[in-house]
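Dear colleague,

Please find below the structure for your examination. My notes on it follow.

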Amino acid sequence: MSAAKGGLVIFTANSNPSSRELGRRIAERLGVELGKVQVYQEANRETRVQIEESVRSKDVFIIQTVSKDVNTTIMELLIMVYACRTSCARNIIGVIPYFPYSKQCKMRKRGSIVSKLLASMMCKAGLTHLITMDLHQKEIQGFFNIPVDNLRASPFLLQYIQEEIPDYRNAVIVAKSPAAAKRAQSFAERLRLGIAVIHGEAQDAESDLVDGRHSPPTVKNSGAIHPSLEIPLLIPKEKPPITVVGDVGGRIAIIVDDIIDDVDSFLAAAETLKERGAYKIFVMATHGILSSDAPQLIEESAIDEVVVTNTIPHEIQKLQCPKIKTVDISMILSEAIRRIHNGESMSYLFRNIGMDD
């Protein structure tokens with residue numbers, strides 16, 4: 001069946017073959033073929049995109065998963081979007097399950113909000129709609145001046161817990177930091193389970209030391225400050241001892257989060273839970289970036305299983321660590337594409353979805 005049937009064209013913007021698997025799954029569910037396009041790197045590392053079929057007055061969906069080379073991934077997407085725009089596509093919808101640079105969505109010292117920059121670049125290139133999944137911060141939606149559908153992977157992860165963990169009724173949902181407590185609470189309420197929170201772990205990314213609050217220096221006798229002004233200073237924070245709020249003794253501990261990349265905090269949480277008596281430890285996350293030596297560290301750790309979705313390709317990591325399991329989310333992405341193309345409501349995909357999921 002032609003990919004252009006009914007004015008629908010689906011492209012994958014990845015030059016990496018392993019990253020095109022999700023696009024193939026989505027096209028198969030929709031009963032269409034992937035559009036014909038060439039995406040490759042020239043000898044000087046420039047990205048070249050050549051669309052090999054007409055997209056005039058059609059709805060073009062560009063599926064882009066984030067490969068190891070993130071910046072190349074972004075350029076592939078931008079160039080393909082612009083190519084479709086200059087080829088007179090009616091609508092250009094980006095399907096980006098993991099939004100890159102989403103961790104850089106807050107100002108840190110004299111840095112920048114990179115996800116805002118990336119959103120502006122996508123809109124400027126010609127994107128008219130965005131489909132993504134479990135944004136690191138939901139406020140990222142406000143960086144766009146186009147519609148953004150932020151889908152949720154929690155129904156698929158909850159289904160995995162119910163079907164693949166036989167004694168999950170003896171489990172407790174764990175937040176590895178107070179910041180993840182809302183997500184853990186949402187999982188616990190749907191599964192009718194208890195919740196535990198690990199407190200005391202250093203959160204470098206959220207530390208006051210890196211967000212500019214210590215600049216300018218607090219010098220009382222500075223000539224720049226009027227002598228009559230005495231600005232009160234807060235007592236600096238001190239890292240408290242690690243404690244677990246909640247009972248995990250003799251229970252299965254299921255740690256939930258949105259991204260698992262640097263696994264040090266997960267390993268420390270697993271060790272803490274083992275010391276408190278948990279006999280099995282699972283980690284559930286939407287996006288499995290699993291950078292560097294993360295697979296090896298997981299294999300040697302107290303974690304029994306890491307469950308992530310296929311928003312990011314991680315076949316190599318799975319070969320290095322059999323503990324890593326994958327949940328397929330192509331079903332909800334293909335349904336989102338079908339509904340947008342047919343002009344149907346998207347509310348069905350968000351039924352019973354809370355803000356904390």
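On a 1 Å grid over the protein atoms alone, a cavity is a set of points where a 1.4 Å probe fits but cannot get out. Grid points are joined across faces, edges and corners, and a volume is the space filled by probe spheres set on the points. By this rule there is one cavity of 30 Å³ or more, and the largest cavity holds about 30 Å³ of space. Its lining (residues with an atom within 4 Å of a point) consists of Q64, V66, T73, I74, L77, I96, P100 and M122.

The model is predicted: local features need pLDDT of at least 70, side-chain atom pairs count only at pLDDT 80 or more, and totals for chains, interfaces and linings use all residues. Residues are numbered from 1 along each chain as its sequence is written, and side-chain values use heavy atoms, with hydrogens and water left out.

The largest nonpolar core (buried Ala, Val, Leu, Ile, Met, Phe, Trp, Tyr and Cys residues joined through side-chain atoms within 4.5 Å; buried means under 20% relative accessible area, with a 1.4 Å probe and protein chains only) has 46 residues. I131, L151, I173, I254 and L333 have the most contacts inside it. A second, separate core of 34 residues includes F11, V60, A83 and F144.

Helix α6 (a DSSP run of H or I, at least four residues, numbered from the N terminus) covers residues 264-275. Among its buried residues are F266, L267 and L273. Just after α6, G277 takes a positive phi of about 105 degrees.

Yours faithfully

How values were computed:
Helix = DSSP H or I, 4+ residues; strand = E, 2+ residues; numbered from the N terminus. Expected span 1.5 Å × (residues − 1). Buried < 20%, exposed > 50% of the residue type's maximum accessible area, 1.4 Å probe, protein only. 1 Å grid on protein atoms, 1.4 Å probe; cavity = no way out; pocket = protein on both sides within 12 Å on 5 of 7 lines; lining within 4 Å.
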